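Hi everyone, and thanks for coming along. I'd like to walk you through a structure that will be new to most of you, so let's get it up on the screen.

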Amino acid sequence: MDQLKKIGQLFSPAAFIHDTEENILEMESLIRNQHIGGITFFHSRYSAAANFEKRQEKLVYKDTLEKLQALIQRYQKISKTPLLISIDAEFGLAMRLENTPQYPYAITLGAMSEKEIDLIFETGYRIGKDLRDIGIHLNFAPVADINTNPKNPVIGYRSFGRDRNKVSNFALAMYKGMVKAGIGACYKHFPGHGDTDVDSHLGLPVINKSKAKLLEEELYPFIEGIKDGIDMIMVGHLAAPALCHGKNTPASISRDIITGFLKGELGFKGLVVSDALNMKSVSDMYPEPGRLEWEAFHAGNDILCFSENVSEATKLIAEKASSIQVDVSFQKIMKLKETLGLFDQSSIRFQGFDWDSHHAFNQQLAKEYITVISENESVPKIPMDLHNRKTALVSVYKGKDNLFFQGIDPNNLIPKFEISHNVDFDFQKLVDFESILIALFVPSAKPINHFGLETQLMKKITELIANKNVELFLFGTPLVLSELPDFEKMQKIVCAYQDFEVTQKETARYFLG
């Protein structure tokens with residue numbers, strides 16, 4: 001294979017499942033003329049804005065799975081070398097595709113005991129199998145970041161938590177589960193995105209910690225993973241001056257960090273992947289098309305993800321790079337494709353998802369992650385027998401006919417209320433009740449715009465806390481408690497994390513003892 005074709009194998013540009021035919025023809029041109037090595041799939045160009053935290057509503061398109069399968073087949077058919085098909089599916093295909101299996105967020109799994117680590121492995125295996133069955137070879141997961149900053153705008157629910165050992169052990173279990181399923185997996189975001197308060201989609205986060213501190217905290221899961229033989233790491237768009245001679249260079253384009261530290265000092269021999277090169281933290285740095293990709297490759301990345309200038313970048317890398325460096329990255333990519341069976345793949349015969357098994361497994365997980373966050377012994381408990389006309393059930397951001405309330409009160413004997421917006425509800429209706437059981441269905445897992453919560457509504461709920469016996473059942477991330485002043489005054493807070501149907505049913509069983 002000549003040098004330009006080898007360089008083409010470094011690129012994994014973005015493809016959008018709901019693209020127009022014109023966009024699809026542009027991708028086919030890249031495959032034919034630039035000999036790209038892979039494609040990273042996203043939902044739609046419109047949804048890309050959601051990834052930059054500008055949107056909260058869910059976007060619904062028809063036949064996403066069917067369109068993805070058709071595009072994979074169409075693109076593979078015209079590529080002379082099999083394409084490495086990748087995706088971000090941290091909590092399963094549902095992260096990118098409607099009507100596909102969703103598994104709990106990493107923060108949810110992180111609530112489980114380390115004794116249940118086999119369930120983390122099984123989650124990784126099931127996610128990997130779902131991907132493999134529809135023709136995807138590589139999942140850019142798991143997240144190995146430690147969520148040490150509660151104000152982190154981009155990691156939060158995507159991390160297994162604050163404890164470095166649990167994050168390390170769970171990330172490795174998830175990774176091994178996906179590998180067992182026959183797909184590639186990838187630790188991210190090196191050197192650790194957890195202690196940041198800037199979203200790297202929008203700006204450059206800087207971690208101003210000493211090298212010793214980084215080794216002790218952020219880097220710990222990556223170092224342990226390298227010791228255990230992980231073979232792919234994604235480098236994030238964040239600066240760590242202590243690893244870069246005091247410079248605020250993004251790690252993803254820092255030769256000091258990737259070649260010097262990751263490959264040299266830490267001895268990592270596997271594939272290095274850049275985080276998406278369209279992200280604002282790096283995309284605005286080099287106006288010359290292709291220059292960013294060259295900087296990323298020169299720094300030590302083997303796969304250039306979400307490049308928007310493949311043609312220009314190929315020429316620049318051909319001019320500037322040594323043939324040895326190109327060959328090393330090319331051979332790594334070819335070895336990965338061989339390991340994942342790309343050269344002997346027959347056409348995918350997808351038989352559909354085993355939904356019964358999926359729901360049963362999610363129920364099994366729910367039993368392990370439903371957690372008491374706090375309990376105030378000075379506040380009277382809500383009695384298990386709620387049929388005393390002194391207790392009300394209040395559902396926030398979901399109808400009062402939700403499965404949690406149905407499980408608690410199958411005969412519909414307890415007064416129930418629902419609040420969808422602050423202005424829609426008269427709180428005087430709750431005056432005569434001594435106890436309130438609130439089910440809060442958090443609108444968004446992302447902290448932007450207060451997790452989708454209305455500030456005035458949260459103030460009203462805070463007033464309830466001051467005057468009633470209140471128990472809160474939280475269907476969402478516990479990070480949302482920062483939006484509830486005086487939450488510690490509640491009698492009890494139970495976090496169910498997810499609003500899956502099986503989780504709501506299991507939480508009702510938990511409440512009833």
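Let me begin with a definition: a disulfide is taken here as a pair of cysteine sulfur atoms within 2.5 Å. Please also keep in mind that what you see is a predicted model. So how many disulfides does that rule give? The count comes to zero. While we're on cysteines, here are two to find on the screen. Cys244 is buried, because its relative accessible area is 1% and the cut-off for buried is under 20%. Cys495 is buried as well, with a relative accessible area of 0%.

Next, a sheet. Strands of a sheet pair through backbone hydrogen bonds, either parallel or antiparallel. Which sense do we have here? The pairing is parallel, in an open sheet of five strands that runs in the order β2-β3-β4-β5-β6. The edges are held by β2, residues 14-16, and β6, residues 184-185; each has a single partner strand, so one side of each is left without a neighbour in the sheet. If you'd like to see one pairing in detail, look at β2 with β3, residues 38-42: they are joined in the parallel sense over three bridges. Within that pair, Ala15 sits opposite Phe41 of β3.

Now for the empty space inside. Rolling a probe the size of a water molecule over the atoms shows where such space is left. Searching the whole structure turns up three cavities of 30 Å³ or more, and the largest has a volume of about 100 Å³. What kind of residues surround the largest one? By class, its lining has 10 nonpolar residues, no polar ones and two charged ones. Among the lining residues are Glu90, Phe91, Tyr105, Leu109, Pro142, Val143, Arg158 and Met174.

Hold on to a few of those names, as we now come to Lys188, which is in strand β7, residues 187-190. Is Lys188 buried or exposed? Lys188 is buried, with a relative accessible area of 1%. Leaving aside residues up to four places away in sequence, Lys188 touches a set of residues including Asp88, Glu90, Pro142, Val143, Asp145, Arg158 and Phe222. Glu90, Pro142, Val143 and Arg158 are also in the lining of the largest cavity.

That brings us to the backbone. Most residues other than glycine have a negative phi, and most peptide bonds are trans. Where are the cis bonds I want to show you? One joins Ala141 and Pro142, with omega of about 10°. Pro142 is in the loop between β5, residues 138-139, and α7, residues 164-180. Another cis peptide bond runs from Lys188 to His189, with omega near 0°, and His189 is in strand β7.

Finally, two residues with positive phi. His35 has a phi near 55°, a positive value in a residue other than glycine. His35 lies in the loop between α2, residues 21-34, and β3. Phe306 is not a glycine either, yet it has a positive phi of about 60°, and it lies in the loop between β10, residues 304-305, and α13, residues 310-320. How do they stand for exposure? His35 is partly exposed, with a relative accessible area of 22%, whereas Phe306 is buried, with a value of 9%.

That's my tour, so over to you for questions!

Terms used: Residues are numbered from 1 along each chain as its sequence is written. This is a predicted model: local features need pLDDT of at least 70, side-chain atom pairs count only at pLDDT 80 or more; totals for chains, interfaces and linings use all residues. Side-chain values use heavy atoms; hydrogens and water are left out. On a 1 Å grid over the protein atoms alone, a cavity is a set of points where a 1.4 Å probe fits but cannot get out, and a pocket is an open set with protein on both sides within 12 Å along at least five of seven lines; lining residues have an atom within 4 Å of a point. Grid points are joined across faces, edges and corners, and a volume is the space filled by probe spheres set on the points. Ala, Val, Leu, Ile, Met, Phe, Trp, Tyr, Cys and Pro count as nonpolar, Asp, Glu, Lys and Arg as charged, and the others, Gly among them, as polar. Buried means under 20% relative accessible area, exposed over 50%, partly exposed in between (1.4 Å probe, protein chains only). Two strands pair if DSSP finds at least two bridges between them. Helices (H or I, at least four residues) and strands (E, at least two) are DSSP runs, numbered from the N terminus. Contact means heavy atoms within 4.5 Å.
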